[in-house]
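Work through the exercises below with the sequence and the model at hand. Try each task before reading its solution.

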Amino acid sequence: MLDIIVPHWNEPFSVGKTLFDMLAMQKGADFEQIRVLLIHDGSEPFPKETFSGYPYQVEQYCIPHSGVSAARNRGLELARAKWVTFCDFDDYYSDLYAMKIIQSVLDDEAHDLLWNPIWMEDVRYGKLAVFPLTKFNMIFVHNKYIRLDFLKKTGLKFNEDLHYSEDSSFLAVLNVMLEQERIGKIASPMPLYTWSYRTGSCTTDREKQKRNIEHLFEANRYISEEFERLNCKDASLMKYRAVCDAYFCLTSADADPDTELEKRVLEFWKANREEIGKCRKKDLVRVFETSRENHRKRGTDESKRPTLAEWLKELEG
């Protein structure tokens, strides 16, 4: 059986209707082996009749408003299936045979995580652009299927202090815990799932940018601490990544001033610069360039951005 964990906060059912309808339209799916755990994060449950026509089971649960991580963790507590996956309320399965393909491999005993590429549906610039992410990525938890007993055994949960970058921090720690041969790819002609970049969501809302930058730094710091706890050789490089990401965010052309975060980044840098300095230079360059590429913004004049060394020196005063 597969438990699909779907957090929900305040959106009308029309936002999530595509997800539920596309799931109901799946060809060749064994609907008796599919259950949706809809976790209302501070929201009221939908009327029971909302789901009366669907061929699969929908269970609704409510928690006090605590964020998407808390909602997903509540879903994990309630899950009873062999496998779990996480969907956003405004996403959907984009292929009518998605569940048949996915269910055909869920009797797999050789893997603890199975994944499939996703479509990105991007409407940020006033037009629709759909493109695939075909490689295994550490950003999106979507369209990844995780063996529940593995999560129970490791005790891994989403960090409830994070409301942004919670996916990447969960996956980064999961990836360290997993043996790489226990990760398998679900073969399909094209991606089976679409992640929607919805204007006005917590990810895209311009007013939340400052909060998102702060949460990105806290997520990176959390990952580095977990790497250290798990004796991961990349713990020092993850600390450097936390500094690099903060640097590119806080020096971008459209960044709002955040002196409090700058102080926290500086303290973190001072506490870890000696350890970071022991890393191989080529590894530090690789981390820096990866961070630069991930934070490339439109309209940012790179010639006016101080170097990382200059920025840290300026923070130290």
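The exercises concern helix packing, a buried helix, nonpolar cores and backbone angles.

The model is predicted, so local features need pLDDT of at least 70 and side-chain atom pairs count only at pLDDT 80 or more, while totals for chains, interfaces and linings use all residues. Residues are numbered from 1 along each chain as its sequence is written, and side-chain values use heavy atoms, with hydrogens and water left out.

**Exercise 1.** Determine how helix 5 and helix 6 are oriented and which residues meet.

Step 1. Helices are DSSP runs of H or I with at least four residues, strands are runs of E with at least two, and both are numbered from the N terminus. Helix 5 covers residues 166-177 and helix 6 covers residues 209-229.

Step 2. The axes are lines fitted to C-alpha atoms, for helices over the stretch in contact, and angles between N-to-C directions run from 0 to 180 degrees. Here the angle is about 15° and the axes lie 9 Å apart.

Step 3. Angles under 35 degrees count as roughly parallel, over 145 as roughly antiparallel, 65 to 115 as roughly perpendicular, and the rest as oblique. Helix 5 and helix 6 are therefore roughly parallel.

Step 4. The crossing is right-handed (the near helix is turned clockwise from the far one by less than a right angle; anticlockwise would be left-handed).

Step 5. With contact meaning heavy atoms within 4.5 Å, the helix 5 residues Ser168, Ser169, Ala172, Val173, Val176 and Met177 meet Ala219, Tyr222, Ile223, Glu226, Phe227 and Arg229 of helix 6. By class there are eight nonpolar, two polar and two charged residues (nonpolar: Ala, Val, Leu, Ile, Met, Phe, Trp, Tyr, Cys and Pro; charged: Asp, Glu, Lys and Arg; polar: the others, Gly among them).

**Exercise 2.** Repeat the analysis for helix 6 and helix 8.

Step 1. The axes of helix 6 and helix 8 (residues 259-276) come within 11 Å and cross at roughly 25°. That makes helix 6 roughly parallel to helix 8.

Step 2. This crossing of helix 6 and helix 8 is left-handed.

Step 3. Among the helix 6 residues in the contact are Ile213, Phe217 and Arg221, and their partners in helix 8 include Leu261, Arg264 and Phe268. The classes are five nonpolar, one polar and six charged.

**Exercise 3.** Is helix 2 enclosed or open, and where does asparagine 73 sit?

Step 1. Buried means under 20% relative accessible area, exposed over 50%, and partly exposed in between (1.4 Å probe, protein chains only). Eight of the eleven residues of helix 2 are buried, so this helix is largely enclosed by the rest of the structure.

Step 2. The buried residues pack against strand 1, strand 2, strand 3 (57-63), strand 4 (83-86), helix 4 and helix 5.

Step 3. Asparagine 73 lies in helix 2 (residues 68-78) and counts as buried at 2% relative accessibility. Leaving aside residues up to four places away in sequence, asparagine 73 touches Lys157, Phe158 and Glu160.

**Exercise 4.** Describe the nonpolar cores.

Step 1. A nonpolar core is a set of buried Ala, Val, Leu, Ile, Met, Phe, Trp, Tyr and Cys residues joined through side-chain atoms within 4.5 Å. The largest has 35 residues, of which Ile4, Phe20, Tyr93 and Met99 touch the most other members.

Step 2. A second, separate core of 33 residues includes Ala79, Phe86, Phe158 and Tyr222.

**Exercise 5.** Locate two positive phi values outside glycine.

Step 1. Asparagine 10 has a phi near 70° and is placed in the loop between strand 1 and helix 1.

Step 2. Serine 165 has a phi of about 65° and is found in the loop between helix 4 (148-154) and helix 5.
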